[in-house]
Amino acid sequence: MRSEDWDAKFAASEPLFSDAPNQFVAAELADAPPGTALDVAAGQGRNAVWLAEQGWRVTAVDFSPVGLSRAEALAAERAVDLNLVRADVTGWQPPAAAFDLVLVAYLQIPHAELVPVLRAVAGAVAPGGSLLVVGHDRDNLTHGTGGPQDEGVLYTVDLVSGALDALRVHRAEQVTRTVPTDDGHRTAIDTLVMATTP
C-alpha cells in the first residue's frame, strides 16, 4: 500500500488499532533490559511508545505522516520521547549495528519486499542485540480470523527465519491470539521469530 492509503486509514479512526502494545511485543520484551530500539513500520506508535515507557530510547520509522503524527501525540500524552523518522522501510537503510533491539510488527508486504527489509534491519542489530518479528501467519487464512486475506503478504516461520541467516534464531513458531468478534471470540494465528546477533 502507498503512504496515502495508510494516511487515510489512520485519519479515519481514533485510533485504527489499540493504543496498547501488541500482546507478543509486551510478553517477549517486558523483562528485557532497555537500550536503543528501532520500531520498523511503527504505524501510530503503540509499540514504540510502550517501549519508551519501559526505558528504551526508541527510533520509530514509518512512511505515513498521519501515523507519525499520531505516534507523536501518543508519546506526548504518555510523557515519553520518540525519534520519529519518515521513510518507506522498503527503501530505507538503517544504520549498521546501531540498535539493541529491532522490532518488526505486522509489516505485511509482498515477500519480495519483506525479505530485503528483514535482511536490512537484521544488520541494524548491535552486538548482543535482538530482533523480534511478529506478523499474520499464512495459516490464518484457513484456520484463523482477521488479518490480510492475501497469501502473498502473510508470514511463515520458514520465510522469516530464512531471511535472518545473519542472526541466531532462538524462537520461531506460530502463536495464537484471541480476537473479539461480533459473535464472541475467535483465534488468530501469527508468526513469531526472535533472533540475536551471533
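This briefing walks through a sheet, one of its edges and a threonine in one of its strands. Please keep in mind that the model is predicted. At its heart here is an open sheet of 7 strands with mixed pairing. Strands of a sheet pair through backbone hydrogen bonds, either parallel or antiparallel.

**The sheet as a whole**

- Reading across the sheet, the strand order is β3-β2-β1-β4-β5-β7-β6.
- The edge strands are β3, covering 82–86, and β6, covering 168–181, and each of them pairs on one side only.
- On average, and with direction ignored, neighbouring strands of this sheet are turned by 20° against each other.

**The β3 edge**

- Strand β2, made of residues 57–62, pairs with β3 in the parallel sense, over 5 bridges.
- If you would like a spot to find by eye, look for aspartate 62, which stands opposite arginine 86 in β3.
- Helix α4, residues 65–77, lies across β2 and β3 and runs at about 175° to β3.

**Threonine 191 in β7**

- Strand β7 spans residues 184–196, and threonine 191 lies in it.
- Threonine 191 has a relative accessible area of 0%, so this residue counts as buried, the cut-off being under 20%.
- The side chain of threonine 191 makes a polar contact with the side chain of aspartate 137, at 2.5 Å.
- Setting aside neighbours within four places in sequence, threonine 191 is in contact with Val133, Val134, Gly135, Asp137, Tyr155, Thr156, Val157, Val160 and Glu173.

Notes
Residues are numbered from 1 along each chain as its sequence is written. This is a predicted model: local features need pLDDT of at least 70, side-chain atom pairs count only at pLDDT 80 or more; totals for chains, interfaces and linings use all residues. Side-chain values use heavy atoms; hydrogens and water are left out. Two strands pair if DSSP finds at least two bridges between them. Helices (H or I, at least four residues) and strands (E, at least two) are DSSP runs, numbered from the N terminus. Axes are lines fitted to C-alpha atoms, for helices over the stretch in contact, and angles run from 0 to 180 degrees between N-to-C directions. Contact means heavy atoms within 4.5 Å. Buried means under 20% relative accessible area, exposed over 50%, partly exposed in between (1.4 Å probe, protein chains only). A polar contact is a pair of N or O atoms within 3.5 Å; within protein, one must be able to donate a hydrogen and the other to accept it, and residues adjacent in sequence count only if both atoms are side-chain atoms.
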